[in-house]
Structures are given as structure tokens and as C-alpha cells.
Amino acid sequence: MRLLVLGGTRFVGRAVVAEALARGWEVTALHRGITGRTPAGVRELLADRTTPAALSDALGSETWDAVVDTWSGAPCVATEAARALVGRADRFGYVSSGSVYVWGEHVDEGSPVVDGDAHDVDGPYPALKRGAEVGVVETFPGALLARAGLILGPWEDIGRLPWWLDRIAHGGRVVAPGRPDRPLQYVDVRDLASWLLSGLDVGLGGAVDVVSRSGHATTGELLEACVAATGSDADLVWLDEATLAAAGAEPWTHLPCWVPESGEFAGFLEADTTRAARTGLVCRPVAETVVDTWQWMTSDRRRGPTATSTGSPQMWSGRCSPAGEQRDAGEVRAAHHRTRYVKWRRGARRGSTAGRRRGG
Ligand SMILES: NC(=O)c1ccc[n+]([C@@H]2O[C@H](COP(=O)([O-])OP(=O)(O)OC[C@H]3O[C@@H](n4cnc5c(N)ncnc54)[C@H](OP(=O)(O)O)[C@@H]3O)[C@@H](O)[C@H]2O)c1
């Protein structure tokens with residue numbers, strides 16, 4: 001397979017490139033060369049894709065079997081790239097997000113999505129992702145839309161699992177949110193990449209919620225795996241949601257990977273994943289994700305020739321805090337959730353049921 005990755009140097013794109021190389025595919029990656037470089041064996045095209053002429057020049061007249069786009073900014077940029085590749089690639093995969101669903105109404109791929117305009121230049125994260133989906137599908141009607149949930153694994157540049165590993169490695173009493181047997185739902189970035197490439201290989205199309213089944217792991221298993229991986233003497237102190245809310249702990253940002261089970265966040269980690277499983281998503285054990293992420297954080301790999309600014313020790317430690325979460329689409333999403341959290345807390349104080357999700 002001849003694969004073009006639009007991106008490829010940070011987190012998801014990086015995993016896609018690695019997986020494609022491992023499959024013996026011929027890989028081209030287009031990016032600016034700012035956040036990093038791709039490994040040996042990848043053909044790099046350097047261009048700022050926000051300038052259509054630069055994109056077109058870099059793409060030349062080449063053709064590919066499949067394209068993967070990880071774009072998370074203005075939909076018009078994703079739309080432009082898809083148009084530039086029409087007739088020159090057979091299959092198209094877009095790394096989208098579960099954020100495209102109308103808040104509180106997500107059950108499965110048939111759930112209502114937010115409005116998105118393929119030509120928008122700005123907007124809230126859900127609309128950006130949806131607009132990009134629309135732009136891609138307009139040009140590639142059979143495109144595969146990987147609506148990923150929470151993504152964890154080596155090279156994570158948001159600082160969620162790295163935050164927990166870093167905190168737990170410091171030892172002592174560590175606040176553990178909610179209840180240990182609370183089901184968690186996420187996808188290891190390498191499992192996402194593998195699923196995406198297999199899907200493109202067999203011509204899979206349409207939208208798929210790419211995330212583990214709810215309960216593939218629990219909050220307790222995630223945090224215990226962090227204790228084991230770091231060899232820490234950390235003592236996990238489980239605090240209930242009322243205590244956390246009273247203390248002002250912000251779900252998702254102050255305490256990554258956690259949201260309250262009740263109120264507006266109810267159902268947040270409980271999407272139906274039937275289609276993902278049917279189309280071949282295999283999720284590795286949480287311990288493997290945690291160990292490999294810790295190994296990446298503590299190994300010399302991040303200082304290697306292909307290390308990126310987002311993967312550097314300075315960056316990941318700096319971003320293991322809410323204040324560090326300011327840069328990319330993941331942070332926009334976090335900000336979106338923060339806004340909702342404020343409403344959740346107000347609701348909790350009033351004992352209100354307003355804004356509850358399905359079953360909440
Ligand atoms: N993290 C989560 O939990 C989560 C959940 C759901 C969905 N998602 C989605 O997962 C995706 C994550 O992707 P990623 O950032 O990890 O992908 P990536 O492909 O590894 O990194 C982004 C790439 O875009 C390139 N790029 C940025 N601006 C560019 C420009 N103007 N022109 C050309 N290239 C440019 C970057 O390189 P240069 O900077 O060097 O150009 C980099 O190679 C996003 O779409 C996000 O919405 C994430």
C-alpha cells in the first residue's frame with residue numbers, strides 16, 4: 001500500500017506512520033517539519049497546508065492508495081486537502097472525534113452530530129471536527145471517519161496519562177477520583193492506528209466510534225497500573241464525587257481521564273462500541289498502555305533524532321497540568337468540557353437535574 005499521512009509527527013499521526021512502516025507500506029508524510037521529523041523510510045513532503053498553493057506544490061502529481069488526515073484545526077484546511085487529492089487517492093481516513101456528537105445524546109454512530117461547515121475557518125472543537133468530516137466526505141464519499149474517544153499511549157501530547165504517571169511516580173497520598181471500579185473507555189493510540197490502517201486496507205468506510213468497550217479497564221486498574229509501572233509507593237486515596245466537586249476539582253483537566261458519573265457527564269464513558277469491535281478494533285490491556293507510556297517518558301527515545309518538541313521532557317512535564325493544556329484541539333475540547341463542568345457544579349449545588357445525559 002502507498003500511504004500518504006497528512007501530519008505524522010506528534011501523537012496519532014506518529015503511530016499511524018509507525019504502524020504503516022511495520023506493515024511494510026510505502027509511507028509519505030506531509031507536514032511543516034516544525035514539531036518533528038518522521039523516521040527513516042518515510043518520504044517527507046514539507047509544506048504549510050494552510051496555504052493551498054504550497055499544499056498543491058508539495059503533493060505534485062503523485063498518487064496514493066490511501067490517505068490518513070489527522071487535522072484538527074479549521075475545517076476548510078481539511079476540505080482543501082481532500083479536494084487536492086481527489087482522483088489521486090483511492091481511500092481516505094480522517095481521524096475525527098467523539099466530540100462531533102451532540103452533547104448528552106451520544107449512544108452510537110447513529111446519534112445526532114453537531115452542525116459543521118466544511119469551509120469554516122474557526123469555531124468550537126466539535127464543530128471543527130464535524131466540519132472537517134463534512135469536507136472530507138463531500139470529496140471522498142466512502143471516507144473512513146475514525147471518531148476516536150480518549151486516546152492514550154506513548155507520545156501522548158495532551159498530558160493525561162503522563163500526568164497520572166508523573167504524579168504517582170512522586171509517591172505519597174494521591175487523590176484517586178470517584179470509585180475504583182468505575183468503567184473507563186479509551187483507545188490506545190497504537191490500536192487506533194492499527195484499526196485505521198486495516199480498515200483502509202479492506203475499504204471500510206463511514207463513521208466508527210473508535211474506543212474500547214466501556215469497562216475494558218476501570219479507573220482503579222489504570223491508576224494501579226501507574227503505581228506498578230513506576231514502582232512508586234503511592235497510596236491511592238479514593239474520594240467520592242461530592243468531595244471532589246466541593247474541593248473544586250475539575251473533571252478531565254485537574255484529574256485527567258475522569259468525569260463525574262452523574263449530572264451532565266453521565267454516560268460520557270459509555271459509548272456503544274459494537275461497530276468498532278465488528279470492524280476489527282482490538283484493545284490491548286491497560287497495563288501495556290501504561291507501561292509503554294512510562295517507558296517512553298523515562299527512556300532516551302524522546303531525545304533521539306526524531307524526537308519532537310511535543311515529545312521532549314520539557315514539554316510533556318510542562319503539559320502535565322491544566323495550565324499546559326492550551327495548544328491543540330485536545331485542549332479546545334478540554335476547554336469545552338470545562339465550560340460544561342461549571343454548569344455541572346452549579347447544577348450539583350442546586351441539586352438540579354438540568355442538562356443530564358442519557359440515563360443521568
Ligand atoms: N488526544 C485525544 O484524546 C483525541 C481524542 C479524539 C480525537 N483526537 C484527534 O486525534 C488527532 C490527533 O492528531 P495528532 O496531532 O496527534 O496528529 P499528528 O499527525 O501526529 O500531528 C499533527 C501533524 O500536523 C502537522 N501540521 C500542523 N500544522 C500544519 C500545517 N499548517 N501544515 C502542515 N502540517 C501541519 C504537524 O507537523 P508540523 O507542526 O511539523 O507541521 C504534525 O505532523 C486530532 O485530529 C484530534 O482531534 C484526539
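## Pairing at one side of the sheet

In this predicted model, strand E6, residues 144-148, runs parallel to E11 and is joined to it by 5 bridges. One pair can be named within this register: Leu145 has Ala207 as its bridge partner in E11.

## The sheet as a whole

The pairing of E6 with E11 belongs to an open sheet of 7 strands, whose order is E3-E2-E1-E4-E5-E6-E11 and whose pairing is parallel. Strand E3 (42-46) and strand E11 (206-210) are the edge strands, each of them pairing on one side only. When direction is ignored, neighbouring strands of this sheet are turned against each other by 20° on average.

## Helix packing

Two helix pairs can be described by the geometry of their axes. Helix H6, which covers residues 189-201, packs with H1 at an angle of about 60°, and the axes of the two helices are 8 Å apart. An angle between 35 and 65 degrees falls in the oblique class, and H1 and H6 are therefore oblique to each other. Their crossing is right-handed.

In the other pair, helix H3 (residues 75-84) and helix H4 (residues 125-139) have axes that come within 8 Å and cross at roughly 15°. Because angles under 35 degrees count as roughly parallel, H3 is roughly parallel to H4. The crossing in which H3 passes H4 is, in turn, right-handed.

## The shell around the ligand

There are 27 residues around the ligand, and those that come nearest are Gly7, Arg10, Phe11, Gly13 and Arg32. Two or more residues of this shell are given by each of helix H1 (12-22), strand E5 (89-97) and helix H12 (329-350). H1, the helix that packs obliquely with H6, supplies the largest share, with 3 residues. E5, for its part, is also a strand of the open sheet, placed between E4 and E6 in the strand order.

Sorted by class, the shell consists of 9 nonpolar, 12 polar and 6 charged residues.

## Position relative to the domains

Where does the ligand lie with respect to domain 1 and domain 2? Domain 1 is made up of 2-151 + 189-210, and domain 2 of 154-183 + 213-268 + 285-344. Because both domains give residues to the shell around the ligand, the ligand lies between them.

Methods. Residues numbered from 1 in each chain as written. Predicted model: local features only at pLDDT ≥ 70, side-chain atom pairs only at ≥ 80, totals over all residues. Near = placed C-beta within 6 Å. Helix = DSSP H or I, 4+ residues; strand = E, 2+ residues; numbered from the N terminus. Nonpolar A, V, L, I, M, F, W, Y, C, P; charged D, E, K, R; others polar. Domains from an automatic or database assignment. Pairing = 2+ DSSP bridges. Axes fitted to C-alpha atoms, helices over the stretch in contact; angles between N-to-C directions. Parallel < 35°, antiparallel > 145°, perpendicular 65-115°, else oblique. Left-handed = near helix turned anticlockwise from the far one by under 90°.
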